[in-house]
Amino acid sequence: MRTTLGTAAADDDVRAAIRRLGAQFERDYIVHTTLNHWNNIMGDMVARRVRAVYVKDGKLFLYAPDAVWKNEMRMSSPEIVRRVNNYAGGRMIKEIAFTR
């Protein structure tokens, strides 16, 4: 519901518009936004080396340039899942996987 011009934050209007477009659109928007904010979620040091590529079936697919970074991400998996889900505002992912 829209309030008097200037009294509602623009992001409230955007969220309402996204909700009206349907649940699937809202999920896709959250995934897209989360992937685009990977550096905010994990920090610049990790984001410069490891990319969040896509989400499918509750898995976050990451690209890591070498075995050292893959191992680091595997060991940090619970923390990554927690941070991503916290940023997304719900249980978006359950695990991580790697892609080439």
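## Salt bridges and overall shape

Being three residues apart in helix 6 (residues 77-88), Arg-82 and Glu-79 are separated by about one helical turn. That is a good place to begin a walk through this structure, which is a predicted model. The side chains of Arg-82 and Glu-79 meet in a salt bridge, with N and O 2.6 Å apart. What lies behind such a meeting? Side chains of opposite charge can pair when their charged atoms come close.

Stay with Glu-79 for a moment. Glu-79 also forms a salt bridge with Arg-83, where the closest N and O atoms are 2.9 Å apart. Glu-79 and Arg-83 are four residues apart in helix 6, so about one helical turn separates them too. Through salt bridges that share partners, Glu-79, Arg-82 and Arg-83 are joined into one network.

Are these residues buried or exposed? Because residues between 20% and 50% relative accessible area count as partly exposed, Arg-82 falls in that class at 45%. Glu-79, at 31%, is partly exposed as well, and so is Arg-83, at 30%.

Now turn to helix 1, which covers residues 10-20. Here the side chains of Arg-15 and Asp-12 meet in a salt bridge, 3.1 Å from N to O. The two residues are three apart in the sequence, about one turn of the helix. Arg-15 is partly exposed at 41% relative accessibility, and Asp-12 is partly exposed at 40%. In total, the count for the protein comes to four salt bridges.

Let us step back and look at the whole chain. The protein has six helices and three strands. If you read along the sequence, you meet them in the pattern α-α-α-α-β-β-α-α-β. The radius of gyration is 16 Å, well over the 13 Å that the globule rule gives for 100 residues, so the protein is more spread out than a compact globule. Along the principal axes, the C-alpha atoms fill a box of roughly 55 × 25 × 20 Å.

How much of the protein counts as buried? Of its 100 residues, 32% do. The protein exposes about 7,000 Å², and carbon and sulfur atoms supply 51% of that area. As for how parts of the chain meet, take the contacts between residues at least 6 apart in sequence: 48% of them join residues at least 24 apart.

Finally, back to charge. The protein has 17 positive and 11 negative charges, and the mean positions of these two groups are 4 Å apart.

Terms used: Residues are numbered from 1 along each chain as its sequence is written. This is a predicted model: local features need pLDDT of at least 70, side-chain atom pairs count only at pLDDT 80 or more; totals for chains, interfaces and linings use all residues. Side-chain values use heavy atoms; hydrogens and water are left out. The radius of gyration is taken over C-alpha atoms; the globule rule is 2.2 Å times the number of residues to the power 0.38. Buried means under 20% relative accessible area, exposed over 50%, partly exposed in between (1.4 Å probe, protein chains only). Contact means heavy atoms within 4.5 Å. Accessible areas come from the Shrake-Rupley method with a 1.4 Å probe; for residues, only the protein chains shown count as cover. Lys and Arg count as positive and Asp and Glu as negative; His and the chain ends are not counted. The place of a charge is taken as NZ of Lys, CZ of Arg, CG of Asp or CD of Glu.
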